[in-house]
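Please explain how this chain is put together, starting from one helix and working outwards to the sheet, the cores and the cysteines.

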Amino acid sequence: MSDERATVAVIGAGIVGVATAIWLARDGHDVTLVDRIAPGEATSHGNGGVLASCAVVPVTVPGLPAKAPRMLLDRQSPLFLRWSYLPRLLPWLAKYLSHCTEAETRRIAAALLPVIGDSLEQHQALARGTGAERWLRESDYLYVYRDRAAFEADGFAWSLRRAAGFRWDLLEDTELHDYEPLIGPENRFAVRLPHHGVIGDPGRYVKDLAAHFESLGGRILRADVRGFRFEDGRLTALESDTGAIGCDRAVLAAGVWSKDLGRQLGIDVPMESERGYHLELEAPSAYPCAPLMMTAGKFVATPLEGRIRLAGIVEFGGLTAGPSAAPFKVLETQARRAMPTLRWETVTRWMGHRPAPADSIPVIGPSPRHGDVLMAFGHHHVGLTGGPRTARIVADLVAGRTPNIDMAPYSPGRFAV
């Protein structure tokens, strides 16, 4: 890469792609943002709305393989599987569960920290002076437990967060309920982490960032990218359903939809859609004072603009099937149980696709076969949290600057074919 002005096409208009387009445009490049739908209308629309810097602990912790079968059979569990999809899921699932060791969990946590650990500052730098800034605010983040024993049973995860530099307060009984009256009496213990953040309307946030990108001279194009055109080994264009899109650099930031395009670039990422569900409780009787991670139900309740978003259910069932009814029912049941005094007027429902690589580490860096194309996808649960930092890394690579972190853990080359 060089520091000369490049003509860059960014594929994918979620938070990662939009943030990347902004930092590239701020560097003076000629940038086109390409997606088949408008900015902020897919996964970035439906995320939990939390800048969860502390979310360095992957799902694949030790003990998960023993717990998962029981969870799948429990009707109130946050884990769902479309059984007809299981044969297709099994190869990925075997790789995924192979990371459920202490050594792998530590390795993954160490890799996630540089991408998400300073999320609030990264979002502030991205949104400062733009129309998106109004949606961003600093907040605490609470992990709510039934009691101290439940917290202590989660000690390994908290030891990883402490090793990563996070600090917190412990709230118990009266102190907890004075801080957050919405929490019902069956939950008597919480961990309060300061210096996190909330995006008051994630979809609008990404759209307002996209408008800022256009104000910098960037172009947004609605098209379905089908492939890449190379001449003498150099990228010259994207191939799309609307025709060729000229460029000499490209960034693949299309979330779970990056997998097929990645194969054309020499990588085969073991990645599945982790189908995520949310409920939005419109016009609630009260709002949480900060995002609440309800550990018993494995969902987060986030105060957004005019509503509370409940998010966190996991379902494996591929990209094409529509939403299932059961995850929505579980979310509502768990919310009523956790916040028994809460009332609301209406409910809206959403299901989307989190990009889940088998090793839970984002794919960031140049294609091993075509260095003119960079990868920036696979953020699993932390796309909103890690999007702006990822974008700055990609902008550095395009400009020929050396990122100030070790890029080896994120290398697309780990999936080279």
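The expected span of a helix is 1.5 Å times one less than its number of residues. In this predicted model, helix H1 has 12 residues and reaches 16 Å from its first C-alpha to its last, close to the 16 Å expected at 1.5 Å a residue. After H1 comes Gly28, which has a positive phi, near 95°.

H1 is mostly covered, with 11 of its 12 residues buried. The buried residues run from Ile15, Val16, Gly17, Val18, Ala19 and Thr20 through Ala21, Ile22, Trp23, Leu24 and Ala25.

Part of the surroundings of H1 is a sheet. Six strands make up this open sheet, in the order E8-E2-E1-E12-E19-E18, with mixed pairing. Strand E8 (219–222) and strand E18 (363–366) are the edge strands, each pairing on one side only. On average, neighbouring strands of the sheet are turned by 20° against each other, direction ignored. H1 (residues 15–26) packs on the sheet and touches strand E1 (7–11), strand E2 (30–35), E12 and E19. The direction of H1 makes about 170° with that of E2.

Two of the strands that H1 touches, E12 and E19, also pair with each other: strand E12 (residues 249–252) and strand E19 (residues 373–377) run parallel and are joined by three bridges. Within this pair, Leu252 stands opposite Met375 in E19.

The loop between helix H10 (202–215) and E8 holds Leu216. What does Leu216 contact, leaving aside its neighbours within four places in sequence? The contacts are Ile22, Ala25 and Arg26. Leu216 and Ala25 lie 191 residues apart in sequence, yet their C-alpha atoms are 6.5 Å apart in space. Leu216 has a relative accessible area of 37%, which lies between the 20% limit for buried and the 50% limit for exposed, so this residue is partly exposed.

H1 also leads into the nonpolar interior. The largest nonpolar core has 73 residues, and those touching the most other members are Tyr143, Tyr205 and Leu209. H1 supplies the largest share of this core, nine residues. A second, separate core of 27 residues includes Val144, Leu292, Leu331 and Met339.

Tyr143 merits a further look. Not counting residues up to four places away in sequence, Tyr143 touches Cys54, Trp158, Arg161, Phe189, Ala190, Val191, Leu193, Met293 and Thr295. Thr295, the last of these, sits in the loop between strand E14 (292–294) and strand E15 (299–304). With the same neighbours in sequence set aside, Thr295 touches Tyr143, Val144 and Tyr145. Thr295 therefore has contacts with Tyr143 of the largest core and with Val144 of the second, separate core. Is Thr295 buried or exposed? The relative accessibility of Thr295 is 13%, under the 20% limit, so Thr295 counts as buried.

The cysteines come last. How many disulfides does a search of the whole structure find? The search finds zero. For Cys100 the reason is distance: the closest cysteine sulfur, in Cys54, is 20 Å from the sulfur of Cys100, too far for a bond because a disulfide needs the two sulfur atoms within 2.5 Å. Cys100 is buried at 11% relative accessibility. Cys247 is buried as well, with a relative accessible area of 6%.

How values were computed. Residues numbered from 1 in each chain as written. Predicted model: local features only at pLDDT ≥ 70, side-chain atom pairs only at ≥ 80, totals over all residues. Heavy atoms only, no water. Helix = DSSP H or I, 4+ residues; strand = E, 2+ residues; numbered from the N terminus. Buried < 20%, exposed > 50% of the residue type's maximum accessible area, 1.4 Å probe, protein only. Contact = heavy atoms within 4.5 Å. Pairing = 2+ DSSP bridges. Axes fitted to C-alpha atoms, helices over the stretch in contact; angles between N-to-C directions. Core = buried A, V, L, I, M, F, W, Y, C linked by side-chain atoms within 4.5 Å.
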